[in-house]
Amino acid sequence: MKLSIPMMLAMLVQTIYNLADGIWVAGLGPYALAAIGLFFPVFMVIISLAAGIGVGASSVVSQKIGERDKEGADTAASVSILLSIVIGFLSIAVILPFISDILSFAGAQGETLRLALEYSVILVYFIPLIMFNNVANGVFRGEGDAKRAMVAITIGSLLNIGLDPVFIYVFGMGVRGAAYATVVSIAVSSLLIAYWMFFKKDTYVSFRLKWDGEILKRILKIGIPASLAQASMSVAIYVLNVFAVRAGGDYGVAVFTSAWRVINFGTVPLIGMAMAVTSVTGAAFGERNGEKLETAHLYAVKLGFFVGLAVMFTILIFAPYIARLFTYSQEGEKLYSDLVKALRILSLFLPGVPFGMFTSSMFQGVGQGLKSLIVTIMRTVIMQVVFSWLFVFVLRIGLVGVWWGIVLGNATSAFITFNWGRFTVKHLKRNFQKNIV
């Protein structure tokens, strides 16, 4: 709870920014809303690379702390930061030449494609900052300093919320203004992090230019599967966007974009808890304490289930009012009834999230990143996409088929993942006991 609550608050503010961003852009009309929605999965692939390294850093740092190895924790943090910057610049070179083709393939065309390019190109140039920001916050979580990570994320998100209307409407930049607001807020947050790490130097871990191949391997062993796992979620959203376009055109993807932002908002406390699960299970694993490992996993899942249930009922009740936030423009009014329906169906997704998400975080904490990757791909790329494809293209029930595919795909994979996690924890407990004896 000590690690979860600051991250919940930070993710809450960050998700409020995502909602506010969508609400401000909605004033420009459905084409602008669809444009940022089509780039969103691409942007999340970028974030997933950074978040994956951050998870690797968080896990290895927490394991080293559990092993009472301060120097190893310092090295893990330093290697992670250097790696994030290198990958950031490589990402610009890889993504920028193909961004138009990527958006076109997702279904963007005409005015939607033009607006999507205006928005996306600006963000692509600032990938190194995005990488540094996410990985540094992973290091903070790994050393147990969730409050500092909360402050950095919160300041950036609040600044973004305030700058959005100024850049979009006061300066008349439209969707480009939303991109510039994001860039400025990330830059300010990154400067604050850099001050703590390299100038004030009051963090638990110490940073220096040091490269360690073995530490790098440990970070990548967890970080690459974590990146791929998060990227797979973005790929799934990309594919589901395509399904939404096929089922409902630009209006379909605008509904999906808006509804999914609200559902993401509902997962905020769960994501905060998942980050804590990685750190706590990592420390328990480093200490070879099976009881702590099991307690951390089960306590988080139980608490997360009730949180998800509460958020689900909140969305079910207030769906008509939430939908109005995204449909206040004259053109947006056409989305209202479909958006209410989408919110109510997709809210059923939330109670099952902890069973899969927290088990995946536990796998990362104990250094079994491949299992985390497998269960995430099973949930997103296999279950959600296959169920949605079945409902939309085989049963032909239209746009609601996408929503039901997501809900049923998540429920099926959550059941499988949780049971696999329980088996893994029991196996580790037995091994720890044998080593003690």
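A salt bridge is a side-chain nitrogen of Lys or Arg within 4 Å of a carboxyl oxygen of Asp or Glu. Glu214 and Lys217 form one, with their closest N and O atoms 3.7 Å apart. The model described here is predicted.

## Salt bridges

The whole structure holds 13 salt bridges. Three of them are set out below.

| Pair | Closest N to O distance |
|---|---|
| Asp74 and Lys70 | 3.0 Å |
| Glu214 and Lys217 | 3.7 Å |
| Glu294 and Arg422 | 3.1 Å |

Take Glu214 and Lys217. Both sit in helix H9, which covers residues 213-266. Because they are three residues apart in that helix, about one helical turn separates them. Glu214 has 53% relative accessibility, so it counts as exposed. Lys217 counts as exposed too, at 55% relative accessibility.

Next come Asp74 and Lys70, whose side chains meet at 3.0 Å, N to O. How far apart are Asp74 and Lys70 in helix H3? They are four residues apart, and therefore separated by about one helical turn. Helix H3 runs over residues 70-95. Asp74 has 5% relative accessibility. Buried means under 20%, so Asp74 is buried. Lys70 is partly exposed, because its relative accessibility is 31%.

The side chains of Glu294 and Arg422 also meet in a salt bridge, at 3.1 Å from N to O. This pair links distant parts of the chain, 128 residues apart. Glu294 belongs to helix H11 (residues 290-324), and Arg422 to helix H15 (residues 400-436). Are Glu294 and Arg422 buried or exposed? Both residues are buried.

Some salt bridges share partners. Lys64, Glu67, Asp69 and Arg218 are joined into one network in this way.

## Two buried polar residues

Ser189 lies in helix H8, residues 175-200. Its relative accessibility is 3%, so Ser189 counts as buried. Which side chain does Ser189 join in a polar contact? The partner is Asn133, and the contact spans 3.0 Å. A polar atom of the Ser189 side chain also lies 2.9 Å from the backbone oxygen of Ala152. Beyond its neighbours within four places in sequence, Ser189 is in contact with Asn133, Ala152, Ile153 and Gly156.

Asn137 is found in helix H6, residues 127-142. Asn137 counts as buried because its relative accessible area is 3%. The side chain of Asn137 reaches the backbone oxygen of Asn133 at 3.1 Å. Leaving out residues up to four places away in sequence, Asn137 touches Ala149, Ala152, Ile153 and Ile193.

The two residues can be read together. Ala152 and Ile153 are among the contacts of Ser189, and Asn137 touches Ala152 and Ile153 as well. Asn133 offers its side chain to the polar contact with Ser189, and its backbone oxygen is reached by the side chain of Asn137.

A longer span can also be given for Asn137. Its C-alpha atom is 29 Å from that of Ser413. Along the chain, Asn137 and Ser413 are 276 residues apart.

## Cavities and the largest pocket

How many cavities of 30 Å³ or more does the structure hold? There are four. The second largest cavity has about 80 Å³ of space. Its lining consists of Gly37, Phe40, Ile237, Asn241, Phe256, Thr257, Trp260, Arg261 and Asn264. Which element gives the most to this lining? H9 does, with seven residues. Helix H2 (30-66) and H9 each supply at least two residues. By class, the lining of the second largest cavity has four nonpolar residues, four polar and one charged. Arg261 is the charged one, because Arg is classed as charged.

The largest pocket has a volume of about 210 Å³. Two elements give two or more residues to its lining: helix H10 (268-287) and H11. Residues at the start of the numbering take part, including Met1, Lys2, Leu3 and Ser4. The rest of the lining is Met273, Ala276, Val277, Val280, Ala296, Tyr299, Ala300 and Leu303. What classes of residue line the largest pocket? Its lining has 10 nonpolar residues, one polar and one charged. Lys2 is the charged one, because Lys is classed as charged. Ser4 is the polar one, because Ser falls among the others, which count as polar.

Terms used. Residues numbered from 1 in each chain as written. Predicted model: local features only at pLDDT ≥ 70, side-chain atom pairs only at ≥ 80, totals over all residues. Heavy atoms only, no water. Buried < 20%, exposed > 50% of the residue type's maximum accessible area, 1.4 Å probe, protein only. Polar contact = N/O pair within 3.5 Å; in protein donor to acceptor, adjacent residues only side chain to side chain. Contact = heavy atoms within 4.5 Å. 1 Å grid on protein atoms, 1.4 Å probe; cavity = no way out; pocket = protein on both sides within 12 Å on 5 of 7 lines; lining within 4 Å. Points joined across faces, edges and corners; volume = space filled by probe spheres on them.
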